[in-house]
There are 2 protein chains.
Amino acid sequence: MTTPLRKDAARNWKRIVSVARDLIDEGTPLQLNDVARRTGLGVGTVYRHFATPEALLETVAAPCLERLAAHGRQALTDTDPWRGLTGFLSHVVEAQVTDAALPPVAAAATDAVPRTTELKKSMASAGATLLARARDAGVVRPDLAAADLVPLMCGIAHAVGLRGGNPADRVDLAHRYLAAFLEGLRTTPPTA
Amino acid sequence: MTTPLRKDAARNWKRIVSVARDLIDEGTPLQLNDVARRTGLGVGTVYRHFATPEALLETVAAPCLERLAAHGRQALTDTDPWRGLTGFLSHVVEAQVTDAALPPVAAAATDAVPRTTELKKSMASAGATLLARARDAGVVRPDLAAADLVPLMCGIAHAVGLRGGNPADRVDLAHRYLAAFLEGLRTTPPTA
DNA sequence: TGCTAAACGGATGGCCCATCCGCATGGTTC
DNA sequence: GAACCATGCGGATGGGCCATCCGTTTAGCA
């Protein structure tokens, strides 16, 4: 029910998000003052669009979260419970180590943007369902709780971040860490 | 070869470390100005003893690091490679989730206090040796590298931190996460 | 007791943050 | 196409945190 943005405002909004994206990608801490300078816009303009750095960060991360949420929904249609769960989690960790905007958003307890909360809930619920199905099918140990999933994904991303390396290596590492974890939680031996 | 501290300086040093310990335990970010206020000392005094928050943090974490390093040396004497490795790692993750001073110190790439560097190197080297032995004994998959150990321990601590809970739960959770990981990296099936 | 080096303390300037309000401009109506 | 208004813009500015620097104090020693 928000009136559509005025044309200049829409242009500035995009510009701010774009510059924020660049800053995040280059590892610079996201400071709204800094964003204002780089966009050439006034500080007030930036603060009106995004009241806090978190709000801007979540906006930058949104497209990626949308994709992950969609992937969660799709994984629910997989007939193989193990593949559904592991496939979804693979996408999540890969996104986490690929997009620097994601880890802080994923780890945050509260969100500045309502849509972010929705998306996170959607993903959490998909994960929980996938896990429940896998457990019911007897392919994962019962001692992995749904509430463990998000922290574990964040933990893996954190570990990968500490080891560093180029993007390709990071993705590979994340998959290896996740695979080890899942292997340890599996009840059936891996098919050679 | 540092001349011993004057009596008042030594007293203040201890007092600063003690207050810092409390602040860390209660989750307050470690700000030297804040430490000064709470100790009743002047800001200058605190800054002279510890040039940066990191230096103070590392000093607070030092006793725990000493214990872990000692444990690493002891684990090297274990005749069972698997038990030696897992026992050491258990102590590390337990310490990480128990002492809030540890995670940032463990994750930091560079250290403000020389002794910290020594201790971290000692622990890393113990871990590497334990891992090599386990691999040579054929009990862990060869795709776990020594360089993975520290990040993984930090990752687990991070995950536990996100899930939260009381100290006992946290320790339990850390052990469960570590166990799952190690199980996935083990070559021999667990003995029931 | 007097001297000196070591340690203390906090006033202070620099920096970053975010608010607020006078000004500009897009959009709409006639 | 002119006039009006709501929406948006910009940046000057006050507040808060940080860390340095130097005049003062004190421990240790002869």
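Domain bounds here come from an automatic or database domain assignment. On that basis, chain A is divided into domain 1, residues 1-50, and domain 2, residues 61-185. Please keep in mind while reading that this is a predicted model.

**Chain A at a glance**

Let's start with the single chain. Chain A contains nine helices and zero strands, and its elements, read from the N terminus, run α-α-α-α-α-α-α-α-α. The C-alpha trace of chain A spans about 60 × 40 × 25 Å along its principal axes. How far apart do the C-alpha centres of domain 1 and domain 2 of chain A lie? The distance between these two centres is 29 Å.

One helix pair in chain A is worth a visit in your viewer. Helix α5 (residues 81-98) and helix α9 (residues 167-185) of chain A have axes that come within 9 Å and cross at roughly 145 degrees. The crossing of α5(A) and α9(A) is right-handed. On the α5(A) side, the residues that meet α9(A) are A:Thr86, A:Leu89, A:Ser90, A:Val93, A:Glu94, A:Val97 and A:Thr98. Their partners in α9(A) are A:Pro167, A:Arg170, A:Val171, A:Ala174, A:His175, A:Leu178 and A:Leu182. By class, the contact of α5(A) with α9(A) has eight nonpolar, four polar and two charged residues.

**How the two chains meet**

Now for the pair of chains. Two copies of a chain are related by a rotation about an axis and a shift along it. Here, a turn of 180 degrees and a shift of 0.0 Å along the axis lay chain B on chain A with an RMSD of 0.1 Å. That is the relation of a two-fold axis.

In the interface, 20 residues of chain B are in contact with 19 residues of chain A. On the side of chain B that touches chain A, α8 (146-163) and α9 (167-185) of chain B each supply at least two residues. Which of the helices gives the largest share of that side? It is α8(B), with eleven residues. The side of chain B that touches chain A has twelve nonpolar, three polar and five charged residues. Of the interface residues of chain B, 95% are also interface residues in chain A, so the copies meet through the same surface.

**Around the DNA**

Both chains contribute to the surface near each DNA strand. Near DNA strand C, α1, α2 (32-39) and α3 of chain A, together with α1 and α3 of chain B, each supply at least two residues. Near DNA strand D, the elements that each supply at least two residues are α1 (7-25) and α3 (43-49) of chain A, with α1 (7-25), α2 (32-39) and α3 (43-49) of chain B.

The table sets out the two surfaces.

| DNA strand | Residues around it | Nearest residues | Largest share | Classes |
|---|---|---|---|---|
| DNA strand C | 20 residues | A:Lys7, A:Gln31, A:Gly44, B:Gly42 and B:Gly44 | α3(B), four residues | seven nonpolar, seven polar and six charged residues |
| DNA strand D | 21 residues | A:Asn12, A:Gly42, A:Gly44, B:Lys7 and B:Gly44 | α3(A), four residues | seven nonpolar, eight polar and six charged residues |

A good place to begin on strand C is α3(B), which supplies the largest share of the surface there. For strand D, look at α3(A), which gives the most to that surface.

Terms used:
Residues are numbered from 1 along each chain as its sequence is written. Chains are lettered from A and ligands numbered from 1 in the order in which they are written. This is a predicted model: local features need pLDDT of at least 70, side-chain atom pairs count only at pLDDT 80 or more; totals for chains, interfaces and linings use all residues. Copies are superposed by least squares on the C-alpha atoms of residues with pLDDT of at least 70 in both. Two residues are in contact if their C-beta atoms, placed from the backbone, lie within 7 Å. A residue is near a molecule or strand if its C-beta atom, placed from the backbone, lies within 6 Å of it. Ala, Val, Leu, Ile, Met, Phe, Trp, Tyr, Cys and Pro count as nonpolar, Asp, Glu, Lys and Arg as charged, and the others, Gly among them, as polar. Axes are lines fitted to C-alpha atoms, for helices over the stretch in contact, and angles run from 0 to 180 degrees between N-to-C directions. A crossing is left-handed if the near helix is turned anticlockwise from the far one by less than a right angle, and right-handed if clockwise.
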